[in-house]
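Colleague: Please give me a close look at one part of this model. Start from a single residue and work outward from there.

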Amino acid sequence: MTITYRDMDYQSPADCALLADWYNAPSTKHLYSRFTNAEDFARSFTPAYFKRVGEAPKPGGPSRDLMVLSNGTPIGQAKFETDTPKLITKAANTAWIALIVGDHRLRRSGMGTRITKHLEQQAAKSGAQRIEIGVFEYNHRALSFFTGLGYEEFKRLPDRAWWDDRLWHDVRLRKTL
Ligand SMILES: CC(C)(COP(=O)(O)OP(=O)(O)OC[C@H]1O[C@@H](n2cnc3c(N)ncnc32)[C@H](O)[C@@H]1OP(=O)(O)O)[C@@H](O)C(=O)NCCC(=O)NCCS
């Protein structure tokens, strides 16, 4: 399987439609995006939403937002942002990463690991010295995934993410590059 990367194209209806499919998938919606209440959770992501937020300028330092392709077919999203307000680590040159293997049949076959290593390299090349991530406490597979890659929990932000009739902690993990 050949994995390649290209910039996400928010002008492309096809890219925006794929993102909407991946973010809305019932098996994934609560894992990747943060909702604050039931009403918020009930809303669906639309291609127009991605076009709007994708084209908005990113605060902070270097960032990349990548489409991941397997043998030329888009299968996921990988992104990092540096020194963004969502970080609770305030030391400069800290990157925030997020990734989704959109086609869930491809999960648990090493894809996430390859993508994360790529993100780490890209972030380091742009000057990042550490990475912080946020994972909701019920996302056991992502917690085990990132812990296995050397990320360590350093903080739990209480009552941050709504899912299954209640609010859950947002677990922050960090790794020095
Ligand atoms: C988290 C995610 C990126 C992992 O990708 P993946 O391709 O499945 O991960 P890998 O195959 O590289 O897994 C590497 C290791 O992570 C751990 N892991 C991954 N999925 C797991 C699961 N379902 N249960 C337990 N451990 C898991 C295992 O230790 C695994 O190694 P092993 O398969 O040799 O036991 C993927 O599940 C995903 O896209 N989830 C939805 C979005 C999300 O939660 N993103 C994270 C928040 S930013």
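Modeller: Ala14 counts as exposed, because just 10 C-beta neighbours lie inside 10 Å of it. The cut-offs behind that word are these: with C-beta atoms placed from the backbone, a residue is exposed if 12 or fewer other C-beta atoms lie within 10 Å of its own, buried if 20 or more do, and partly exposed in between. This is a predicted model, in which local features need pLDDT of at least 70 and side-chain atom pairs count only at pLDDT 80 or more, while totals for chains, interfaces and linings use all residues. Residue numbers start from 1 along each chain as its sequence is written.

Ala14 sits in helix α1 (residues 13-24). Helices (H or I, at least four residues) and strands (E, at least two) are DSSP runs, numbered from the N terminus. Pro47 is 33 residues away from Ala14 along the chain, yet their C-alpha atoms are separated by 8.6 Å.

Helix α1 also leads to the core, as it supplies at least two residues there. A nonpolar core here is a set of buried Ala, Val, Leu, Ile, Met, Phe, Trp, Tyr and Cys residues joined through C-beta atoms within 7 Å. The largest one has 34 residues, and those with the most contacts inside it are Ala95, Ile97, Leu119, Ala123, Ile133 and Val135. Besides α1, the elements that each give at least two residues to this core are β2, β3, β4, α5, β5, α6 and β7. Strand β4 gives the most, six residues.

Take Ile97. Beyond four places in sequence, Ile97 touches Lys79, Phe80, Leu119, Ala123, Ile131 and Ile133. A contact means that the C-beta atoms of two residues, placed from the backbone, lie within 7 Å.

Now the sheet. It is open, with seven strands in the order β1-β2-β3-β4-β5-β7-β6 and mixed pairing. Two strands pair if DSSP finds at least two bridges between them. At the edges are β1 (3-7) and β6 (152-163), each paired on one side only. From one strand to the next the twist averages 30°.

Strands β4 and β5 (residues 130-136) run parallel, over three bridges. Here Thr94 stands opposite Arg130 in β5. Helix α5 packs on the sheet. Its contacts reach β1, β2 (63-70), β3 (73-82), β4 and β5, and its direction makes about 155° with that of β4. Angles run from 0 to 180 degrees between N-to-C directions, with axes fitted as lines to C-alpha atoms, for helices over the stretch in contact.

On its other side, β5 pairs with β7 in the antiparallel sense, over seven bridges. Gly134 has Arg172 in β7 as its bridge partner. Helix α6 lies across β5 and β7 (166-176), at about 160° to β5. Strands β6 and β7 are antiparallel too, joined by eight bridges. Glu152 is bridged to Arg174 in β7.

The β6-β7 hairpin has two residues between its strands, and Asp164 there takes a positive phi near 55°. Asp165, in the loop between β6 and β7, has a positive phi of about 70°. Most residues other than glycine have a negative phi. Asp165 counts as exposed, because it has 6 C-beta neighbours inside 10 Å. Arg108 also has a positive phi, near 65°. Its place is the loop between β4 and α5. With 11 other C-beta atoms within 10 Å, Arg108 is exposed.

Last, the ligand. It is surrounded by 21 residues, the closest being Arg107, Gly112, Thr113, Arg141 and Phe145. A residue is near the molecule if its C-beta atom, placed from the backbone, lies within 6 Å of it. Two or more shell residues come from each of α2 (29-32), β4 (94-101), α5 (111-125) and α6 (140-148). Helix α6 has the largest share, five residues. By class, the shell has ten nonpolar, eight polar and three charged residues. Nonpolar covers Ala, Val, Leu, Ile, Met, Phe, Trp, Tyr, Cys and Pro; charged covers Asp, Glu, Lys and Arg; the others, Gly among them, are polar.
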